[in-house]
Structure formats: C-alpha cells, structure tokens
Amino acid sequence: MTQKLRADAEDNRDRILESARVLFAGEGLGVPMRAIARHAGVGPATLYRRFPTKQALAVEAFAEQMRACQAIVDEGLADPDPWQGFCSVIERICELHLQNRGFTDAFLATYPEAVDVAESRELTLRSVATLARRAKVRGRLRKDFELGDLMIMLTAHRGLHVSDPATRSTASRRFASLVVQAFAA
C-alpha cells in the first residue's frame, strides 16, 4: 500500500515533475538535476528523496507522452486504410517529438533499462510494425521498410530542435512529408 504524501510534499513533487517536463522539453535529458530542483523551487535533497535518479524522474515525467504516443499509433491502426494510418502516425509522431526534446531522447532509448519506458516503447513499436505490415500488404509502403527506419527518422528529426523556434513547426511538417514520400512504395 502506497503512503499518501503530505500536501506540501505532494506540491513539491508536482512542481518537480512540471519543472522536469519544461526543462527536458527545451534542453533534453542532459539538464542537471540541480537545475530542475532550482527551477521547481526545492532543494536537491527534496528532489532526490522523491526521484533518486534522473531515470526515475524522466520515466514519471514522460508517462503522459508515452500514452499519447501509443494513442497516436492506436488511431493509425484503427484507420481502415493502413497507408493513411501509417502516414498519420509519421506526421503526428513528428509533431509530438518536436514539442519535447527530452521525450525524443527517452523514446530513442536513452534509458533502455527503464522498464516502464522500455515496455511502452516496445508496445508502440510492435503496433507500428503491425501497421507497417498492413501497409506493405496493400502495396503502399516500401517492401524494404524496416522498423529501424522509423528510429533513423526520429533521430534525424531530433536535429530540428536546433533550428529557429519560429520555423521549427513548418520544418517538422516538411520533414514528415519528405519521410512519407521516402517510405512510399
């Protein structure tokens, strides 16, 4: 049975998670834990008491994004046209990853031993593989497409984080469009 936190401790935990989300989104997972504590207005000891490692903090901070990523893929699987579902997944995953640099790092297995992240990631990738098989059967997706190609795409997309924020969204949509064209049969 999990013990309920005091109200002030719960507030600290929430501020730490929100600060981690903000800083991870902008700077990636390389942001120091002390910077997260400072941003949250708590001492390092408070942060480490709640989250003993950066991995533990990242897993908790990205739980919502992992669910959103799986929901995107589930919606793609539900599309009666597997190619349209696949294209939608590419476009929406690019958009999701553009919003959060740290999530991209976590999804690309910065913390491969983090069971929660690894399990969610594997479920998402299995779902994408199912969608890709369906699109291949319909003759719309390249026969030589491999799941690793998606990881290459996400790695390349991560480079957009260094571009001008004003043009980043447009560049991401253009990138997704080019990827879809490259994956087409």
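Here are some short worked exercises on the predicted model shown above.

**Exercise 1: Get the overall picture**

Work out how many helices and strands the protein chain has, and what box its C-alpha atoms fill.

*Solution.* Start with the secondary structure: the protein chain has 10 helices and 0 strands. Walking along the sequence, you get the pattern α-α-α-α-α-α-α-α-α-α. Next, take the principal axes, along which the C-alpha atoms fill a box of roughly 55 × 45 × 25 Å. Finally, look at burial: of the 185 residues in the protein chain, 44% are buried.

**Exercise 2: Put the annotations on the model**

Find which residues the UniProt features cover, then describe the chain over each span.

*Solution.* Begin with the feature "domain: HTH tetR-type", which an unreviewed UniProt entry places at residues 10–69. Over that span the chain is 80% helix and 0% strand, and the end C-alpha atoms lie 27 Å apart.

Now take the "DNA-binding region", which the unreviewed UniProt entry annotates at residues 32–51. Here the numbers are 75% helix and 0% strand, with 13 Å between the end C-alpha atoms.

**Exercise 3: Check the length of α9 and find its buried face**

Compare the span expected for helix α9 with the distance between its end C-alpha atoms, then work out where its buried residues sit around the axis.

*Solution.* Step one is the expected value. Helix α9 runs over residues 147–158, which is 12 residues, and at 1.5 Å a residue it should span 16 Å. If you're wondering about the arithmetic, the expected span is 1.5 Å times one less than the number of residues. Step two is the model's own value: the end C-alpha atoms of α9 are 17 Å apart, which agrees.

Step three is burial. The buried residues in α9 are Leu 150, Met 151, Met 153, Leu 154 and His 157. Look down the axis of α9 and these buried residues fall within an arc of 155 degrees, so they line one face of the helix. The general rule behind this kind of pattern is that an α-helix has 3.6 residues a turn, so residues three or four places apart point the same way.

**Exercise 4: Classify three helix pairs**

For α6 with α10, α9 with α10, and α1 with α2, work out the relative direction from the angle between the axes, and give the handedness of each crossing.

*Solution.* Two packed helices are described by the angle between their axes and the distance between the axes. The cut-off to keep handy is that angles over 145 degrees count as roughly antiparallel.

- α6 and α10: the axes of helix α6 (residues 82–99) and helix α10 (residues 165–183) come within 9 Å and cross at roughly 150 degrees. α6 and α10 are therefore roughly antiparallel to each other. Their crossing is right-handed.
- α9 and α10: this pair packs at about 155 degrees, with the axes 11 Å apart. That makes α9 and α10 roughly antiparallel to each other. α9 passes α10 in a right-handed crossing.
- α1 and α2: α1 and helix α2 (residues 33–40) pack at about 120 degrees, with axes 8 Å apart. That makes α1 oblique to α2. The crossing of α1 and α2 is right-handed.

**Exercise 5: Sequence separation against distance in space**

For Leu 17, Leu 131, Pro 44 and Ala 184, find the location, the burial class and the C-alpha distance to the given partner: Glu 60, Thr 170, Ala 56 and Leu 141.

*Solution.* To class the residues, remember that buried means under 20% relative accessible area and exposed means over 50%, with partly exposed in between.

1. Leu 17 is in helix α1, residues 7–27. Its relative accessible area is 4%, so Leu 17 is buried. Glu 60 is 43 residues away in sequence, and the C-alpha atoms are 7.5 Å apart.
2. Leu 131 belongs to helix α8, residues 115–137. With 0% relative accessibility, Leu 131 counts as buried. Leu 131 and Thr 170 are 39 residues apart along the chain, and 26 Å separates their C-alpha atoms.
3. Pro 44 is in helix α3, residues 44–50. A relative accessible area of 27% makes Pro 44 partly exposed. Pro 44 and Ala 56 are 12 residues apart in sequence and 15 Å apart in space, C-alpha to C-alpha.
4. Ala 184 is in the segment after α10. At 28% relative accessible area, Ala 184 is partly exposed. Between Ala 184 and Leu 141 there are 4.8 Å from C-alpha to C-alpha, at a sequence separation of 43 residues.

Note on methods:
Residues are numbered from 1 along each chain as its sequence is written. This is a predicted model: local features need pLDDT of at least 70, side-chain atom pairs count only at pLDDT 80 or more; totals for chains, interfaces and linings use all residues. Side-chain values use heavy atoms; hydrogens and water are left out. UniProt positions are given in the numbering used here, feature names are shortened, and annotations may be inferred rather than shown by experiment. Helices (H or I, at least four residues) and strands (E, at least two) are DSSP runs, numbered from the N terminus. Buried means under 20% relative accessible area, exposed over 50%, partly exposed in between (1.4 Å probe, protein chains only). The arc is that of the directions from the helix axis to the C-beta atoms. Axes are lines fitted to C-alpha atoms, for helices over the stretch in contact, and angles run from 0 to 180 degrees between N-to-C directions. Angles under 35 degrees count as roughly parallel, over 145 as roughly antiparallel, 65 to 115 as roughly perpendicular and the rest as oblique. A crossing is left-handed if the near helix is turned anticlockwise from the far one by less than a right angle, and right-handed if clockwise.
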